[in-house]
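User: Mind walking me through this one? I'd like the local details, with cut-offs as we go.

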Amino acid sequence: TAWAIEPGADELPMLGLGRSAHSGEGSVAAAVRAAGYVRGPLRRLPAPTTLLRMPMMPSVVVLHTRHPVEAFVSQYYCVVDERVCPKRTTRRQTSVAPSASPRPLGVDAFLLAQLSESNTSLGQMLLNFEQMQRLRRTLYDEAQPKLSVVHSKYERMVSDFDGWLHELLTASLPGDPRRREGIFADLLKQFKDDFVPDGRHKHSLLVGSNMRKLQLSTIKALRESPRIALLVSEMGYLWASPFF
């Protein structure tokens, strides 16, 4: 059983993208599904008890994250430009406080204003990140013999797709190395070029590119926020290169 959980920005890639010729079912999730049951990606976090009461079969929980500040900046561009995230913009318009509208503010003011309130899109995103961290701590603290927890990072995926995919498949398909190698080869051939920062992508694939758009004073304010500083640290991220 594999649960793929990514409670941050909707555009983060995870299990379920693309097609796998090896599996014949159409996705990375399908390739893993052959060894058991895959549920995900989940945008809303399940209760820890739901995961801890899973069947007796070996189970894997994949927590897929992006650097919180990078995700906050990405959310700004999704809200300010409907061409970036057209479906999400329409869905979330009612949840963004009018006083925090990003159009006249710019990215720095948007982040600082939104993160100071809990009923804004970034306020909710911050809460989701914190809830995921609590779930992660609970799963580690109450470790089960047949339950594995994998922390997958967007940054590792786009900068070292080979290594990221190998680790993910090793955790998800531990008992069949020959089959895992075949799936790995097929997925690597199909997706490797998708994570080359060649300038053709809608979003930059260069780790830290979003944070570099912020003023130093904004970075300083975020680092001095107890909630954000703790979150960045607990998730294993850094404030400067290499950022993770």
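Analyst: Helices here (H or I, at least four residues) and strands (E, at least two) are DSSP runs, numbered from the N terminus. This is a predicted model, so to speak of its local features a pLDDT of at least 70 is needed, side-chain atom pairs count only at pLDDT 80 or more, and totals for chains, interfaces and linings use all residues. Residues are numbered from 1 along each chain as its sequence is written, and side-chain values use heavy atoms, with hydrogens and water left out.

User: OK, where does arginine 136 sit?

Analyst: Arginine 136 is in helix α6 (residues 121–141).

User: Is arginine 136 buried or exposed?

Analyst: Arginine 136 counts as buried, at 15% relative accessibility. Buried means under 20% relative accessible area, exposed over 50%, and partly exposed in between (1.4 Å probe, protein chains only).

User: And what does arginine 136 touch?

Analyst: Leu63, His151, Glu234 and Met235, leaving aside residues up to four places away in sequence. Contact means heavy atoms within 4.5 Å. The C-alpha atoms of arginine 136 and methionine 235 are 9.7 Å apart, with their positions 99 residues apart in sequence.

User: Switching to rings: how many aromatic pairs are there?

Analyst: A search of the whole structure gives four. Rings of Phe, Tyr and Trp (its six-membered ring) pair if their centres lie within 6.5 Å; planes under 30 degrees apart count as stacked, over 60 as edge-to-face and the rest as tilted. One of the four is tyrosine 76 with phenylalanine 110, a tilted pair at 5.2 Å centre to centre and 55° between the planes.

User: Which helices does that pair link?

Analyst: Tyrosine 76 belongs to helix α3 (residues 68–80) and phenylalanine 110 to helix α5 (residues 107–115), 34 residues apart. Both tyrosine 76 and phenylalanine 110 are buried. Tyr76, Tyr77 and Phe110 make up one aromatic cluster.

User: What about the peptide bond between serine 241 and proline 242?

Analyst: That bond is cis, with omega about 10°. Proline 242 lies in the segment after α11 (226–234).

User: And what's the phi of phenylalanine 243?

Analyst: Positive, about 75°, although phenylalanine 243 is not a glycine. Phenylalanine 243 is also in the segment after α11, and is buried at a relative accessible area of 7%.

User: Last one: what lies over the face of tyrosine 237?

Analyst: Lysine 153, at 4.6 Å from the ring centre. A charge sits over a ring if NZ of Lys or CZ of Arg is within 6 Å of the ring centre and within 35 degrees of the ring normal.
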